[in-house]
Amino acid sequence: MAPSLDSLPADVQYLVLSYLSKILSGYALDGVPRTGNMLEQLVQLAPSTGQLMKTHPYQNLAATCKQLRVAVEGYCRHLLDRHKDIIGERRIPELERDNWESLASKNAFGKRKNTKVRRETYRNAWIRATNEHCVWCGKRSKRKAVFDMLVFCCHQCDERAYGKKTTKTAAIQIYGLAPIIWLRPDLVYEGYGLLPLKRAMKNVSGVLATYLLQKEVVTLANFVREHDPDKRKVRSAVKKYGKLGQKIHGNGDDTEFILFWDVLLPGYLSETDYESSNVSE
Ligand SMILES: [Zn+2]
């Protein structure tokens, strides 16, 4: 029988919980929008704190059984502790047999005096602290990070936390990287273990723009300069797969994405000729 989540060692449970810590983790969406449709869904996503209290995976896990509730509370306490500089230290009293009565009267506001204690939980505190607040500096912000739209992130923290961004046009024109290179470097330069560059879309004044991380673009441009100075491999890949990889056949996610690009940028194939661009760095 496969082990259940509550039977795993605490460090493995924490690892699992760490993947769910983002405020919008409960929505089965990828935080990095690679298509206009994905972007639209992520932009529209604005649940209230009340809704998140019901839908966040930590709430569902905590409702499952006592062991998982303890694990979730322990992990959220750890998260609050790690972020205490920005969201203030939140010490939530432990509920013990001999203190529940005094805690209850403290929290009671008169009429609840004789009822059972309604203790704040660490998971609720974490949800409140990170909904519509920058997860990096704690400032109130409804803006989501460009490269992770499952968290709120102010403009200032975005670059510091995720790195400087550059546009797809700059990657082509300034760094001389044809789309096929950063979309599928593994096909252009086989055997080097290269991965597609991270890319995200953003609506800039009504126009969909594709962003890449500058650090990754520069690293890849240096790689190309070193391993393919005359761009022979790029040319052969373009011939084989098309500039945007539109001739790649398969059912992979990336293939769909590349094909989508073809639809998204109908003028691109004829208008832009990456070979005539200058490499300035
Ligand atoms: Zn911030």
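This briefing describes the main nonpolar core of the protein chain and the helix that gives the largest share of residues to that core. The model is predicted, and its secondary structure comes to 16 helices and five strands. Of the 281 residues in the protein chain, 27% count as buried. Among contacts with a separation of 6 or more, 58% are between residues 24 or more positions apart.

**The nonpolar core**

- The largest nonpolar core has 51 residues, and those with the most contacts inside it are Val72, Cys76, Cys153, Leu177, Ile180 and Ile181.
- Helix α5, which runs over residues 66–82, supplies six residues to this core, the largest share.
- Because domain 1 (5–153) and domain 2 (163–268) both give residues to this core, it lies between them.
- As a general background to such a core, nonpolar side chains in soluble globular proteins tend to be buried together.

**Helix α5 and its two faces**

- Helix α5 has 17 residues and reaches 24 Å from its first C-alpha to its last, which is close to the 24 Å expected at 1.5 Å a residue.
- The buried residues in α5 are Ala71, Val72, Tyr75, Cys76, Leu79 and Leu80.
- These residues cover an arc of only 165 degrees around the axis, and therefore they sit on the same side of α5.
- The general reason for such a pattern is that an α-helix has 3.6 residues a turn, so residues three or four places apart point the same way.
- On the face of α5 that is turned away from its buried side, the exposed residues are Lys66 and Asp81.
- The elements that cover the buried residues of α5 include α1 (10–18), α4, α6 (84–87) and α8 (122–130).

**Val72 and Leu61**

- Leaving aside residues up to four places away in sequence, Val72 touches Leu17, Tyr58, Leu61, Ala62 and Arg123.
- One of these partners, Leu61, has its place in helix α4, which spans residues 57–64.
- Leu61 counts as buried because 21 other C-beta atoms lie within 10 Å, where the cut-off for a buried residue is 20 or more.
- With the same sequence neighbours left out, that is, residues up to four places away, Leu61 touches Leu68 and Val72.
- Although Leu61 and Val72 are eleven residues apart along the chain, their C-alpha atoms are separated by 7.4 Å.

Terms used:
Residues numbered from 1 in each chain as written. Predicted model: local features only at pLDDT ≥ 70, side-chain atom pairs only at ≥ 80, totals over all residues. Core = buried A, V, L, I, M, F, W, Y, C linked by C-beta atoms within 7 Å. Buried ≥ 20, exposed ≤ 12 C-beta atoms within 10 Å, placed from the backbone. Helix = DSSP H or I, 4+ residues; strand = E, 2+ residues; numbered from the N terminus. Domains from an automatic or database assignment. Contact = placed C-beta atoms within 7 Å. Expected span 1.5 Å × (residues − 1). Arc of directions from axis to C-beta.
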